[in-house]
Amino acid sequence: MKNPSSQPAILIVGRVADDHDSAIDLMIAQGMAVRATESTEAAGEVLAASPIDVLVVPLSMSGALGLLTSARDLAPSTRLLGVSIAGAEELTEAYRAGALRVLTPPLAAPELAKAVRLALDSPIGLHGLLHRLSLIDVLQMFHQSAQSVHLHLHGPIEGEISLLHGNLVDARCGAVAGSEALSALLATQVGYLESSTVDHERRTISGPFDHVLLDALRTLDEANRGDKECFELDDDWFSAPAKQEVVDRDELRSWLNEFSPGAGVWLIDLSTGAVERLDEPGAHPEMELAGPPGSIGWAGELAERADPNWTRVELISGSTGIALVRVRDLTFAFARLITGTALHRRFHADVARLTSWLSHHVESRR
Amino acid sequence: MTGLSRAVRAAVVEGGALAAAVYDRSTYNVIEGYAHRELDCRAILELLLGDVMPSGPMSALHGGAPVRAARVLCVVGAERTLFVSTLETGEVIVVSTRSTMSVALGWTLVGSLTNALGEP
């Protein structure tokens, strides 16, 4: 049953917040119509009789899980929030019963109101716990679907990022804001991500999404390279002659510009996972190519399964082409965007040509 | 004999492949094959098609779970080259050739099987 009124209808069962009355007052002050019942049975009757946008119920109440389950049939458009100090099993049951979130008491009034606003902001869409996501994946996902969302990053690096209609508009990391903060947050390898509605008007970032993200990644890469160079200087500069690089990067760039513009070349070590981009340090083709380092690992594992003595691999997945080439004891990766059959053929030809060029080039530098 | 079985046989007998097979993408069962008993490519197909996720050091550091169905794979080994192509219609074509054979010719054989799948 859909709520015809413009005022969101909230149904609260029992006591869900420490300052219960204040929580209700706050939600009313925010323009919500709040109803309260003392039992899950009474809540079921209300759900059946009138449109409710958000139902909040403590999971410790008798019949709470049954209410969540029956709400899916009685009021499919109602968003469900649980409140509980539940263990993992009870939480799983609540989520399976359809709860968007299970809030943990003690719950303050603003916290409850915020959770209800988030539920109201999610009339459709999935909620869940996902893993193996990168921050870039998540940002691109929200960008492509033109969402307005506020992301909280928890873990070794803490911060916040806001997107408005799919564009990056704000980032904060400690005392830093804007693009600098975005660069710092993009360094995150592990952590926990939580989304909420955008409830501020800060604008510390401007520009097209791709440009903003690319600039932030470039800044991050330059910072990382600076650190690495300093480290190498401290350790080695007086004791060892400069190590000759396996590839002349200028020559490689010239080759790519001539034969395969837009492609990237990496030196990789499949056994350790180390990756170094050779052609254009500072630019991140991950943006254009949807994550080559990860796909490079995938291609490498496929090759190992097919033949541990492989010399060349080509993997085309969607619009990304990845090739691995073994030249003497070195492994190179090559990636580029591919669209259309003609470019499939061209990719095979590019890989063959690059293999030949790398073989001669690496040999000549030894 | 169907067009597909003729094409699979021709890829080996006339085209010079060591083995050729067409698999059902969802069951990994062989739809048609010739000299294909040595292919033993189930593990590769599972990783390629996303039923098994990559788990090596590079994938652990940089991500790498396939985000979309893979279409084309070629692995040039010491003695053999393996060609794999997944089709939107749900079949997977696998052709094995000697690694001395041209890669372009290998893809041509894969193309001939792709065309044969569209024929009665």
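**Strand pairing in chains A and B**

Me: Let's start with chain A. What's the strand order in the open sheet of five strands?

Reply: In this predicted model, the order is S9-S8-S7-S6-S10 in chain A, and the pairing is antiparallel.

Me: Which strands sit at the edges?

Reply: Those are S9 (176-177) and S10 (192-196) of chain A, each of which pairs on one side only.

Me: And how many bridges join S7 to S8 there?

Reply: Five bridges, linking S7 (residues 159-164) with S8 (residues 167-173) of chain A in antiparallel fashion.

Me: Got a register for me? Which residue of S8(A) is opposite A:Glu160?

Reply: Sure, A:Glu160 faces A:Arg172 in S8(A).

Me: Switching to chain B. Is S1 mostly covered or mostly open?

Reply: Mostly covered: S1(B), residues 19-24, has five of its six residues buried.

Me: Which sense does the pairing of S1(B) with S5 take?

Reply: Antiparallel, with six bridges between S1(B) and S5 (residues 91-98) of chain B. To place the register, B:Ala21 is opposite B:Val94 in S5(B).

Me: How about S2(B), how many bridges join S1(B) to that one?

Reply: Four, and S2 (residues 30-34) of chain B runs antiparallel to S1(B). There, B:Val22 has B:Glu32 as its bridge partner.

Me: What's between those two strands in the hairpin?

Reply: Five residues separate S1(B) and S2(B) in the hairpin, and B:Tyr28 takes a positive phi near 65 degrees.

Me: Last one: where do side chains point along a regular strand?

Reply: As a general rule, they alternate between the two faces of the sheet.

Technical notes:
Residues are numbered from 1 along each chain as its sequence is written. Chains are lettered from A and ligands numbered from 1 in the order in which they are written. This is a predicted model: local features need pLDDT of at least 70, side-chain atom pairs count only at pLDDT 80 or more; totals for chains, interfaces and linings use all residues. A residue is buried if 20 or more other C-beta atoms lie within 10 Å of its own, exposed if 12 or fewer, and partly exposed in between; C-beta atoms are placed from the backbone. Two strands pair if DSSP finds at least two bridges between them.
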